[in-house]
Amino acid sequence: MDNREELIAYIEELEKENKKLRRRTVRLERDVIMLSSLNDCALYLRDYNEEERSRSIIELAEAKEKAEHANKAKSNFLRSMSHEIRTPMNAIMGMDEMILKESREEETLKYASDIKTAGETLLSIINGILDLSKIESGKMEITDSEYELKDVVNHVLNMTRSKAFEKGLKYNVEVDDDTPAMFYGDELRLRQIMINLINNAIKYTEYGSVEVLISYDPQGGFLKIEVKDTGIGIRKEDAERLFKSFSRLKDSVERQIEGTGLGLNITKELAMLMGGDVTFESEYGKGSIFRAYVKHKALGDLKYKAARDLVPEPGPGDTEILFSAPAVRVLVVDDNDMNLDVIGALLKPTGIRVKEAASGMECIERLKKSGFDLVLLDQMMPGLNGDETLRMIREEHIADDTPIIALTADAVIGAREEYLKLGFADYLSKPVAYKDLETILMKHLPSELYTLTEVKKKEETKPKVLVVAPTTEELDAIRHIMGTNADGVFVKDEEKAEKYLSKHSVDYIVRRGDGK
């Protein structure tokens, strides 16, 4: 009996344990189902994320490809635009330069001078757009080399001084005594920065002065340029827009001034590419100070002042240097007859014997028949272009020792370096200026083939005339009548006249209309 009861009790206990196990089994089965579902979700999410990531990568790649294609299309368009505009500009400015050299009629010279000014303005706009394109595409290259600071200063003075004097501004460029004479850096970009900042100061300054100070920070290795003017200044609310592309201020005076708003943007970008920056401070109505600094390495112990004193700086121009090379033979290759005429006319005063070729094949045939001291080879020609013509000349060893210069309307920044890589000795952009052409000749011709003669210029003393008239039309009419017989300062009201006279002296005052 006792055994049976014990057995029953044991069976009941087992049944209880069995129920507990069944409940646990059910819970475990439920957990397994849940884990399986979660795993399925995880796999789905993983696959979804992988798919999304792949899609994003593809979309980014497609966007990058489209951006690169658009950028390439823009660069090609700008190169084409440069060529299409510069080709006729070469004829216009080249012929205009010959008028300025040869004409003796004052009215004709005045017209020619106006054409030159307008042409230079147009080229400045084109160059600004091309420079910006190079910077935005990341293809702007900094080319470092040794240079003398006095050469940079003299070049900048020659490029900016006349504009300041025409407006009657006091213009002064000073170099700190402790500034080294020699540097290692990108000389071309430095000149561009200085000219942009100085021209900008002159453009926005009607009265007073533009002062430039150049110094060197040996600790940071920075060459510093400070440009101070007494111009219209900058409003605080306009400061953020100052360095933006194609952005100009809304001042009523500023709207009357020509320009695209690219100069300061390009200047800042160039400075940053050379490890520096451009900053400014300004008081509206009183003037501005722009400071640029670039990382250029000083070379040697010679200071700027000592180097300058070794060779006197050129003055406003008491003498001119005449380049003569009657023994030199130059071959000019261009499919445009007018461009051939321009180069021939520019070289005529030098006595150089010029031969012409209208195509790449004609160039090769001429070189086979006779030797030349230098070749100016156009790039954009039907049939053989300049690159292909040069390649054939070198492969056939027709003129191994003859410097061949790329003559091209492709004037984007970095073009010179590209042509040098192709094997050209140098690069000359259209429109061709005589000074640039002369520099190329002196650089690549043996010194015994040319002579430099210093000729004293005819002294001229022009009277200074202040003209006061209420309208632009009257001012233009008086400017036309005066021509080049006097140095004129033109203002529209007595307040501006008195402000100018408070700081400057004149020989005559002319008043018209409401200005009486």
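## A salt bridge between two loops

A salt bridge here is a side-chain nitrogen of Lys or Arg within 4 Å of a carboxyl oxygen of Asp or Glu. E206 and K167 fit that description, with their side chains meeting at 3.3 Å, N to O. Keep in mind that this is a predicted model.

What makes this pair worth a look is where its two ends sit. E206 is in the loop between α4 (187-203) and β4 (209-217), while K167 is in the loop between α3 (149-166) and β2 (170-175). That puts the partners 39 residues apart, so the bridge links distant parts of the chain. Are the two ends buried, exposed or somewhere in between? E206 has a relative accessible area of 43%, which makes it partly exposed. K167 comes in at 22% relative accessibility, so it counts as partly exposed too. The cut-off for buried is under 20%.

## Other charged pairs

In total, the structure holds 15 salt bridges. One of them joins E187 to R191, and their closest N and O atoms are 2.6 Å apart. These two residues are four positions apart in helix α4, so about one helical turn separates them. Both E187 and R191 are buried.

K268 and D277 make another pair, with their side chains meeting at 2.7 Å, N to O. Here again K268 and D277 are both buried. Elsewhere, E148, K150 and D151 are tied into one network by salt bridges that share partners.

## The chain as a whole

Stepping back, the protein chain has 516 residues, and 38% of them are buried. Its secondary structure comes to 13 helices and 18 strands. The accessible surface adds up to about 30200 Å², and carbon and sulfur atoms contribute 52% of that.

How much of the contact map is long-range? Taking contacts with a separation of 6 or more, 70% are between residues 24 or more positions apart.

## An antiparallel sheet with a helix across it

Three strands make an open sheet in the order β1-β3-β8, and the pairing is antiparallel. At the edges are β1 (145-148) and β8 (297-303), each of which pairs on one side only. From one strand to the next, the twist averages 20°.

Zooming in on one pairing, β1 and β3 (residues 180-185) run antiparallel and are joined by four bridges. Within that pairing, E146 stands opposite Y184 in β3. Helix α3 lies across β1 and β3, and its direction is at about 65° to β1.

## β13, an enclosed strand

Where does β13 sit relative to the rest of the structure? Five of the five residues in this strand (residues 404-408) are buried, so β13 is largely enclosed by the rest of the structure. The cover comes from both faces: I404, A406 and T408 are buried on one side, and I405 and L407 are buried on the other.

β13 also has strand partners to look at. Strand β12 (residues 374-378) runs parallel to β13, with four bridges joining them. In that pairing L377 has A406 as its bridge partner. β13 pairs with strand β14 (residues 426-429) as well, again in the parallel sense and over four bridges. A406 turns up here too, this time with Y427 of β14 as its bridge partner. Between β12 and β13 comes a helix to note: β12, α9 (residues 386-395) and β13 make a right-handed β-α-β unit.

## A parallel sheet with a helix on it

Another open sheet has three strands in the order β17-β16-β18, and this one is paired in parallel. β17 (487-491) and β18 (508-511) are the edge strands; each has a single partner, so one side of each is left without a neighbour in the sheet. The twist averages 20° from one strand to the next.

Five bridges join β16 (residues 464-468) to β17, and the two run parallel. Picking out one position, V465 has G488 in β17 as its bridge partner. Helix α13 (residues 494-501) packs on this sheet and touches β16, β17 and β18. The direction of α13 makes about 155° with that of β16.

Note on methods:
Residues are numbered from 1 along each chain as its sequence is written. This is a predicted model: local features need pLDDT of at least 70, side-chain atom pairs count only at pLDDT 80 or more; totals for chains, interfaces and linings use all residues. Side-chain values use heavy atoms; hydrogens and water are left out. Buried means under 20% relative accessible area, exposed over 50%, partly exposed in between (1.4 Å probe, protein chains only). Two strands pair if DSSP finds at least two bridges between them. Axes are lines fitted to C-alpha atoms, for helices over the stretch in contact, and angles run from 0 to 180 degrees between N-to-C directions. Contact means heavy atoms within 4.5 Å. Accessible areas come from the Shrake-Rupley method with a 1.4 Å probe; for residues, only the protein chains shown count as cover. A crossover is right-handed if, with the strands pointing away from the viewer, the path from the first strand over the helix to the second runs clockwise.
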